[in-house]
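Here is a short briefing on the strands and how they are arranged. Keep the structure open as you read.

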Amino acid sequence: MLASDLISPEKLAPLIRNTIFSGNLHHYPQTESTNLLAMQAGAHGANGRENAPEGAVFLAEEQTAGRGRKGHSWHSERGNGIYCSFLLHPPLSPGDSLWLSLIAGVAVQDTVKEISGLQADIRWPNDCLIGEKKFAGILTEMSSEASRVNYAVVGIGINVNHERFPSEFAQTATSLRLESGTEWSRLELVAALIRAFDREYRALLRTMNSPIRTPALLFEPIMRRVESRSSYAHGKLVEVHEDGGYSGITDGLDPRGFLRVRTDRGLRVVISGSVRPLNEKSDASGT
Ligand code: BTN
């Protein structure tokens, strides 16, 4: 780890001035999961205060029980990654909450480009890749009623300076260091990440305040923005691990942000299954 690279709130605060996240940073040398901390703050308040406000950020140097999607864990070694969770009170219905994960992917992509120059891809819904290997993941959790989100937590993990991974991830995981051959400042990266997520989240809030009430039109600009950032959005031959598995060609996002896949049995919408590229030579029968 770069000696000067502890993510201290004192060093971070001046780098994220004028964002909605500037006044409420919580940093931990070690914790179970920053998403767990943020969810607890959503429920009970941060540091014993009631009603933790929108914009609290939870950061850790190490997680002992980092959470991934679908009950997986997130490998969170000390001092080499970014483990960051944002607490939000978005004016969204639960059915529209996928947009939070999708804009976080755009923010990660912008951050990595700004700091390292590396070009990342987004594999729907929230894996960030360099080449075919994953270097960052996003886990959005929330408390909601039927028609509104009470609070949501967007958790982002980025593999920054990892030199190797445990054997079970070695074929599929990478880090910015492994891809570029250089170490990167986690402080600069996390500051850029917070600024980028601030931009994307404000754009989402502006969208929600627009007078348009037709979802397909309301989310259209965000939909186009996300689609333009992901090689998976259009025309990619994929297999989908959902409903027994099927394959087809991706065909953009629907108004809630779900991925459409054109199969030989018609258009299907991926709800939460994983999507993987299918080798052109394999069978793409649309099953
Ligand atoms: C995934 O790809 O499965 C999502 C991984 C999300 C990991 C981040 S690390 C910071 C935050 N805290 C957690 O426990 N998980 C998320």
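The points below cover two sheets, one after the other.

This is a predicted model. One open sheet is built from seven strands, with mixed pairing. Another open sheet is built from five strands, with antiparallel pairing. Strands of a sheet pair through backbone hydrogen bonds, either parallel or antiparallel.

**Seven-stranded sheet**

- The strand order is β1-β2-β3-β7-β6-β5-β4.
- The edges are β1 (25-28) and β4 (121-123). Each has a single partner strand, so one side of each is left without a neighbour in the sheet.
- Neighbouring strands of this sheet are turned by 20° against each other on average, with direction ignored.

**Inside that sheet: β5 and β6**

- Strand β5 covers residues 127-130, and β6 covers residues 133-144.
- The two strands run antiparallel and are joined by four bridges.
- C128 stands opposite A136, a residue of β6.

**Five-stranded sheet**

- The strand order is β11-β10-β9-β8-β12.
- At the edges stand β11 (266-270) and β12 (274-277). Each of these pairs on one side only.
- Here the average turn between neighbouring strands is 45°, again with direction ignored.

**Inside that sheet: β10 and β11**

- Strand β10 spans residues 259-263.
- Five bridges link β10 to β11, in the antiparallel sense.
- T263 has G266, in β11, as its bridge partner.

Note on methods. Residues numbered from 1 in each chain as written. Predicted model: local features only at pLDDT ≥ 70, side-chain atom pairs only at ≥ 80, totals over all residues. Heavy atoms only, no water. Pairing = 2+ DSSP bridges. Axes fitted to C-alpha atoms, helices over the stretch in contact; angles between N-to-C directions.
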